[in-house]
Amino acid sequence: MNNETRRVPEEEILRQKEIMARVRGMLPAGRKYHIVTLGCQMNVRDSETLAGMLTEMGFTEAATREEADLILYNTCCVRENAENKALGNVIWLKELKKDKPELIICVGGCMTQEEGMAESLIRQYPFIDLVFGTHNAYRFPEYLEKVLSDRVQVFEVLDTGGTICEGLPEKRSNPYFGFVNIMYGCNNFCSYCIVPYVRGRERSREMDDILGECKRLRDAGAREIMLLGQNVNSYMGGGAKFAELLYRVDALDIPRVRFMTSHPKDLSDELIAAYGELRHLMPNLHLPVQAGNDEILKRMNRHYDREKYLSLVRRLRAVRPDIGLTTDVIVGFPGETEAQFEDTLSLVREVRFDAAYTFIYSPRAGTRAAEMDDPVSMEEKTERIQRLIALQQSITSEVLASQIGRIQPVLVDSVSTRSEQTIGGKTPRAHMVNFPGSAERIGQTVPVRITSAGKNTLRGEAVEG
């Protein structure tokens, strides 16, 4: 199926906008919403669209759930603890609704797309008003209107394989930073991963639509954008197409461009070359390895081996010596031996990642790995991940210490929660730096001399003049 047949017709978007106007007319002034976003950056971007639709329907944002007239959970199910967190939060709302019967509770996102989950939510949590999935989120106004007008529960999760939707309103959470989805879904079917089952097969947005969104962000003041996808470098089927997109985005003169997440099997020659040529492409890359042993990688269905991964690292550093690499690692995959885990440790020592996101393997029903024999005890898995974390922490500390004395351009994005006189932001390599300053500098790029390094962050001082 091509992109054109998967694109939501413009007439349908216009219909949803008409419904938004009707809902605005139905509601008294002062209605507030609160969105809780769980999971990845793509969920954050989806929440910005949901917030945009709610704004069009006359809602304003509430700072807390207690203040809201509508609460929406945008859920994640990649790991079991993410699902448990979502369910635990939803249960908490039962008491809130007792005190506030008119409260509207909505649940969307990846968790609801799991087989049977929508029906289970409605059955177990009858105080939920609306459940919808990832494939039909663009129809949120239609469903909400039905809840409001008919006072009925609505749950609709479509197993359509996914769609591409353009032209919906959005409410960006940060004027200086923008997430831009370039594709949805995944075709890889890693044996441990549920994403292809809840997000559908890969489908790419048209390049002109992506560039149009990037231009709007630039013109609105964005200083950094991040291109998003479950597997960004298989955009339009992989190969050179994603690199072509990067070259065209780079020409827009947005100061900083990043992307995630990449799959090593699709890291093309053209993409590697782009790191040596593009002015605005930042020198950092999240490149999940998951394991350092060939047999484990094969059972994970990752489609590369240890040497292929290490070769990619060498080639990236040849064209961009200052590139910072981050990764994901799964510890305790079913049947992983001590020797196989040692292969992962040795790969981490060799690559020297700036940071690693480490996880104990979590079985997901419906995936092939969940059916594999797993003789490794939780005690062994816990001991292994502690060793991995200790190793990575020592490497991260050394990487950060190597930045001391250097002057780095820091894009300021926050004020410290500990002191209003301390601000923070990221270097091109994505290291977080805290330094003295005021909130007026948020959105500015400030040259900062690095003076010291902490466990995961740097400290510095602005270089004035």
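Biologist: How do you know that the end C-alpha atoms of helix H9 are as far apart as they should be?

Modeller: Set the span against the rule: 1.5 Å times one less than the number of residues. H9 has 13 residues, 207–219, and should span 18 Å; its end C-alpha atoms are 18 Å apart, so the two agree. Helices here are DSSP runs of H or I with at least four residues, strands are E runs of at least two, and both are numbered from the N terminus. This is a predicted model: local features need pLDDT of at least 70, side-chain atom pairs count only at pLDDT 80 or more, and totals for chains, interfaces and linings use all residues. Residues are numbered from 1 along each chain as its sequence is written, and side-chain values use heavy atoms, without hydrogens and water.

Biologist: Which residues of H9 are buried?

Modeller: Met207, Ile210, Leu211, Glu213, Cys214 and Leu217 are buried. They cover an arc of only 160° around the axis, so they lie on the same side of H9. The arc is taken from the directions from the helix axis to the C-beta atoms. Buried means under 20% relative accessible area, exposed over 50%, and partly exposed in between (1.4 Å probe, protein chains only). Asp208, Arg216 and Asp219 are exposed, on the face turned away from the buried side of H9.

Biologist: What do the buried residues of H9 pack against?

Modeller: They pack against helix H3 (41–56), strand E7 (177–181), strand E10 (224–228) and helix H10 (241–250). Contact means heavy atoms within 4.5 Å.

Biologist: How do you know that the span of H15 agrees with its number of residues?

Modeller: H15 has 24 residues, 378–401, and should span 34 Å at 1.5 Å a residue; its end C-alpha atoms are 34 Å apart, so it agrees. Its buried residues include Lys381, Arg384 and Leu388. Among the elements covering them are strand E13 (324–331), helix H14 (338–351), E18 and E19.

Biologist: What makes E18 and E19 a pair?

Modeller: Two strands pair if DSSP finds at least two bridges between them. E18 (residues 445–453) and E19 (residues 458–462) have 5 bridges, in the antiparallel sense. Arginine 449 stands opposite glutamate 461 in E19. Both strands belong to a barrel of 5 strands, in the order E15-E16-E17-E19-E18, with mixed pairing.

Biologist: Why is cysteine 190 called buried?

Modeller: Its relative accessible area is 9%, so cysteine 190 falls under the 20% limit.

Biologist: How many disulfides does a search of the whole structure find?

Modeller: The search finds 0. Cysteine 190 is in no disulfide; the nearest cysteine sulfur, that of cysteine 193, is 6.0 Å away. A disulfide needs a pair of cysteine sulfur atoms within 2.5 Å.
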